[in-house]
Amino acid sequence: MSEQTQARFSFKLLKTDGGARRGEINTPHGVVRTPAFMPVGTQATVKAMYPEQVRDLGADVILGNTYHLMLRPTAERVAKLGGLHKFMNWPHTILTDSGGFQVMSLAQLRKMSEEGVTFRSHHDGSVHEMSPERSIEIQGLLGADIQMQLDQCIALPAERSEIEEAMQLSLRWAERSRTQFEKMGGPEKGQGLYGIVQGGDNPELRVQSAKALGDMPFEGYSVGGLAVGEPQEVMLKMLEVTTPVMPVDKPRYLMGVGTPEDILESVARGIDQFDCVMPTRAGRHGLAYTRFGKVNLKNARHSEDPRPLDEASSCPATREYSRAYLHHLVRVNEGLAAMLLTWNNLAYYQYLMQGIRDAIDAGTFEEFRQKTKEDWARGDIEPYVWS
């Protein structure tokens, strides 16, 4: 066994700048530099990208989805084939979610109980059970470096009683998830398990959840149940009351977030890890993220524009293809459009994260934050002069 695969999960907080934190997560498959954005590889692939491309852009970690992989090709099959790292040719860190969000949002005829969730697959209607124990078992079979407890995620807005009931159930499931994680030898394998803070848009419940989870021996802590329909200001308010009561010496992960602005503002409030389908999904639908804001390549104004998206970018997709060509590919629905725009978008997200890390290291995060937002506000109607 190599020295790399013998590493154990640990987190080191290297620098703070206001509320922003700079750190490193050590896992059996490498070091994750934080703040980190994790490209989403739902079904053992980051859509429209080669694994080598994703890595070359600066991603230290990607996300796999328990719900989808348990259905196809099944966790047992992936384990038989050597685990998810080998299966998808990604020898770096992998985080898997618990599958709970997808069960709530995708599955048919689901039935919730104290034990777990019984649901029908959205593929073929077959019946499956997802308990805290089964979720951790699946993630263990996949071999994920970072695993998530099963929780109940509800859409907002919701009544306080409904939010509190889901939060309390998630706490009970957190204890069961931890017991199963230890039973499967996760700590001995160097893996980490994160608890998930719930509480909807209620500050009191958020604090209660975070404090209760902080008393449990998790390797990291996530903030869940946000970016599910509530305004951005509500999400940020929940972070402002939640992160101060989360353990300082453990990584903090805001699940399913988000836009570049969401990320920038959440880093300012103490978040270390992010994931979102937005950059890959947007790329498949003709939308590019750049230093100057969003560029909709479906728009006819790009049809004769010879400029690249950003001539100063280190990403070939961003630097070497004209807007006119990208517009053409989008309009005729060529697969290359999704490939190039996804490449561009993930490149920009990783560029943003590296800029954030460098600024925290230099003690200039607030200046970086304001300059980045000014560039987005300036927009991209006129040619941009690199400064």
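Buried means under 20% relative accessible area, exposed means over 50%, and partly exposed is anything in between (1.4 Å probe, protein chains only). The views below come from a predicted model, where local features need pLDDT of at least 70, side-chain atom pairs count only at pLDDT 80 or more, and totals for chains, interfaces and linings use all residues. Residues are numbered from 1 along each chain as its sequence is written, and side-chain values use heavy atoms, with hydrogens and water left out.

**View A. Gln350, a buried residue in helix 14.**
Helix 14 covers residues 335-362, and Gln350 is part of it. (Helices are DSSP runs of H or I with at least four residues, strands are runs of E with at least two, and both are numbered from the N terminus.) Gln350 counts as buried because its relative accessibility is 6%. Setting aside residues up to four places away in sequence, Gln350 touches Phe37, Pro39, Leu57, Gly58 and Ala59; here, contact means heavy atoms within 4.5 Å.

**View B. Arg369 in helix 15.**
Look for Arg369 in helix 15, which spans residues 365-378. Its relative accessible area is 15%, so Arg369 is buried. Not counting residues up to four places away in sequence, Arg369 touches Leu264, Glu265, Ala268 and Arg269. For a sense of distance, try Arg319: it sits 50 residues from Arg369 along the chain, and the two C-alpha atoms are separated by 24 Å.

**View C. Aromatic rings that pair up.**
Rings of Phe, Tyr and Trp (its six-membered ring) pair if their centres lie within 6.5 Å; planes under 30 degrees apart count as stacked, over 60 as edge-to-face and the rest as tilted. By this rule there are eight aromatic pairs. In one of them, the rings of Tyr67 and Phe119 have centres 5.6 Å apart and planes at 40°, so the pair is tilted. This pair links distant parts of the chain, with Tyr67 in helix 2 (residues 66-71) and Phe119 in strand 8 (residues 117-120), 52 residues apart. Tyr67 is buried at 0% relative accessibility, and Phe119 is buried too, with a relative accessible area of 1%. Now swing over to Tyr321 and Tyr325: their ring centres are 6.1 Å apart and their planes are at 20°, so this pair is stacked. Tyr321 is partly exposed at 27% relative accessible area, and Tyr325 is partly exposed at 33%. Phe9, Tyr194 and Tyr253 form one aromatic cluster.

**View D. Gln198 in a loop.**
Gln198 lies in the loop that runs between strand 11 (192-197) and helix 8 (203-214). At 5% relative accessibility, this loop residue counts as buried. Its side chain makes a polar contact with the side chain of Asp151 (2.6 Å). A polar contact is a pair of N or O atoms within 3.5 Å; within protein, one must be able to donate a hydrogen and the other to accept it, and residues adjacent in sequence count only if both atoms are side-chain atoms. Leaving aside neighbours within four places in sequence, Gln198 is in contact with several residues, including Cys153, Met167, Leu205 and Gly224.

**View E. An open sheet of three strands.**
The strands come in the order 1-2-3, with antiparallel pairing; two strands pair if DSSP finds at least two bridges between them. At the edges are strand 1 (10-17) and strand 3 (30-34), each pairing on one side only. Strand 1 pairs with strand 2 (residues 20-27) in the antiparallel sense over seven bridges. To spot one bridge, find Asp17, whose partner in strand 2 is Ala20.
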